[in-house]
Amino acid sequence: MAPSGTVADPPLTSTTDSFNSGDTAENDIRPFFVLHKASSGSSLHGKQTGNVKSKRRIESPNPKIAKRSEVESVEEGDAQFFSTSRLKVFDTVWSKIEKTIEDVLRNSNSKVFSGIHDWIRESFESIVSSGALRLSEAVRSYPVLTQSSSKQLHTAMVLTRNLEMVDDLLTFEELELHLKSHGCHVAKLSSMDFSAKSGVGGCLRVLLRQFVMPSVDVADVTILASWYRENRNHENPVVIIVDDTERCCGSVLSDLILILSEWAVKVPIFLVMGVSTAHDAPRKILSVNALQRLCASSFTLSSPAERMDAVLEAVFLRPCSGFTVSHKVALYMRSYFLCKDGTLTSFVRTLKIACLQHFSLEPLSIMLEHFCQDGINQPSDKGNGLLTEATMKHAFHLPSVTRNKITRSTFEMLPQFLSDLQRMPNPWSIVVLCIYEVGKFDKLRLLDIFCETLDPEARYLKYFSPSATVNCQSHDSGRSSVIRRVLHKLRDLSPSQLSKMLKNWENLTADFNEMNDKVMELHPFMRSVEAAGQRQGLPTSPKKHASRSHSKHEKELKAMTDKVAAVIEFMLREYMKPVESVPFQEIVCFKNVDILQSALLGDPRGRIQSDLLESHNILHCVCCSKRGTNLLPSMHDTSILYTLAQEHADVINLHDWYQSFKSILIPRSSKAKPKSKSSSKSKKRKDMCEEPEAPTEALIQARFCRAVMELQIAGLIRMPSKRRPDFVQRVAFGS
């Protein structure tokens, strides 16, 4: 029985007509998604009047096809569920990583921040002890100061050692919050505030807006002095932070220092000036008079490499989120960090892109949610629906699973495998940190050690062979590998350095009995070495006995270093199992370095070309996916036009291009055909399968012009010139 139209039915127009309508708004996205439904709506043309009724033959569906469609619908529902869940898990994982990084950076600068605050308080108390002034004296213009020391402006030179200012922005924001939390009045100025166009008046206005009120538009220091003496504001110091001194206009900064120094007793102001090259960098930009007014103290923040090692240890070597990277990805991230701008911000951005790409490519990455939880929990399929049939099938087809010959018959052990994967990085990270303790004496970076120990082939173990130990003394071999440099430096450590290293090892391996026992076995040998060193230093011993004791001390020290090297080899062989060699490692490990490289470097023009040529992969439509190499009218105009452009060389004839475009929109089957006699049955069938009306010539020309304009905006073609008005030039070739 054919359905009849009702009041609630929508207007019955074909989707192709709605797409061809000239009233479609520019931001209407419906043509991208509904332009393939004409087949289902074409049979409704005869129902608009409500009088025509037609009988339709109801065919029983094939059971196999029905079953297949049911399975496909279930799989599509699961894919949609997991896609949404993966985004939520990514937000959870990255928020934890980001919070860990912020805590690490805050802790790395906490000692320096506390030192700056203590210096400000001590200087403030010394100024206040000279005696408080009355309000009338404090606001007097240019007060006469009898002592030259009273014009000194207490200044803290904070050395950041960063090549780019992007890492210092967060540092000085944290310093501002730290000082405000301790009661200081803080204002922060950037290099943009010290422009020659605005002059010193612009700096004063910015200060008054931050201290007094946002609506102040007068550059008058007496306003600041009046505010400071009111409402008990004088009980706390005034701090002005200049985050990037070396980029400021020197004359404007010098004038501001001279003005503030005249009010140093009336308003105790403390300058905090950030410098990136050296503590004496202001000598190059400030005038002599301004330099004489500064009473400077120097503070040094941790270097970018030190902050990088601290972040790396907290994110990858300590319990954090469970997410990690492969050997090749780690090498690329290190190269990108060292060869680009060398900022921690760029490394964090690279890490975020890698994490996002991992969640977008790996369906089982949703299980990282369990790794973010405290403690070790075994994932289960009860209540969360994670271990479905589709995920189980995907899990046991992972390369790491087939390589380790894990069959589907052991699927009950999947939660146990995941639990082992969650527990596995702990011993490995402890070994890396133990090697780093030795590398600190040779100024090795944790990033270099981390990249080398991630090698799934464990090529570093060959350096423990006797021949490699002998060749380790050479200069070239010591520089080629981090492990070789560690072994080479181990033989140069003094007894005090060895003792310090063993204490750190003991603390690191406290939770692992087998490793800790190996470390504790070294303490008796360490005590004998220290005792031999003490006997060697006795002044009353004869020269002959002194030489013997020296040789004995050298032998014991060499035997001690050999035993330490043996312990390092034991740790590497027994516990150094990189994540890439573990089953189901694809759940937590991102390995696709090519995708990360393309995401970082970017190729927008190539991406636009590939998307235009493969639009069906984005729209996921049924008709375009089965079209093969044929172009269909239901495709987007820009995609059709750019695909036709591939048939031309560097220049395209507009007339030929338009005719090809028109032939796609008006296929031969839709052109007018001569009328012929047919049966009533064939007429009914023709009415039911009637195709949508072909677009008019004017509409085709308008759509052609819009598509050409979009290709020009995308930078793929150049519009016709006066010399050749009937040709356009292709700008980009290939994808």
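This passage describes a parallel sheet and one helix contact in a predicted model.

Five strands make up an open sheet, arranged in the order β2-β3-β4-β1-β5 and paired in the parallel sense. Strands β2 (185-189) and β5 lie at the edges, where each has a single partner strand, so that one side of each is left without a neighbour in the sheet. From one strand to the next, the twist averages 20°.

At one edge, β2 is joined to strand β3 (residues 238-242) by five bridges, the two strands running parallel, and His185 has Val238 of β3 as its bridge partner. Strand β1, which stands between β4 and β5 in the order of the sheet, runs parallel to strand β5 (residues 294-300) and is joined to that strand by seven bridges, with Leu153 partnered by Leu294 in β5. The pairing of β1 with strand β4 (residues 269-275) is likewise parallel and extends over five bridges; here Leu159 is found opposite Val275 of β4.

Strand β1 (residues 153-159) is largely enclosed by the rest of the structure, because seven of its seven residues are buried. Leu153, Thr155, Met157 and Leu159 point one way from this strand, whereas His154, Ala156 and Val158 point the other way, and all are buried.

Among the helices, α11 (residues 304-317) packs with α19 (residues 446-453) at an angle of about 35°, the axes being 9 Å apart. Met308, Asp309, Leu312, Glu313, Phe316 and Leu317 of α11 make this contact with Leu446, Leu447 and Phe450 of α19. When the residues of the contact between α11 and α19 are grouped by class, seven are nonpolar and two are charged, with no polar residues.

Conventions
Residues numbered from 1 in each chain as written. Predicted model: local features only at pLDDT ≥ 70, side-chain atom pairs only at ≥ 80, totals over all residues. Heavy atoms only, no water. Axes fitted to C-alpha atoms, helices over the stretch in contact; angles between N-to-C directions. Helix = DSSP H or I, 4+ residues; strand = E, 2+ residues; numbered from the N terminus. Contact = heavy atoms within 4.5 Å. Nonpolar A, V, L, I, M, F, W, Y, C, P; charged D, E, K, R; others polar. Buried < 20%, exposed > 50% of the residue type's maximum accessible area, 1.4 Å probe, protein only. Pairing = 2+ DSSP bridges.
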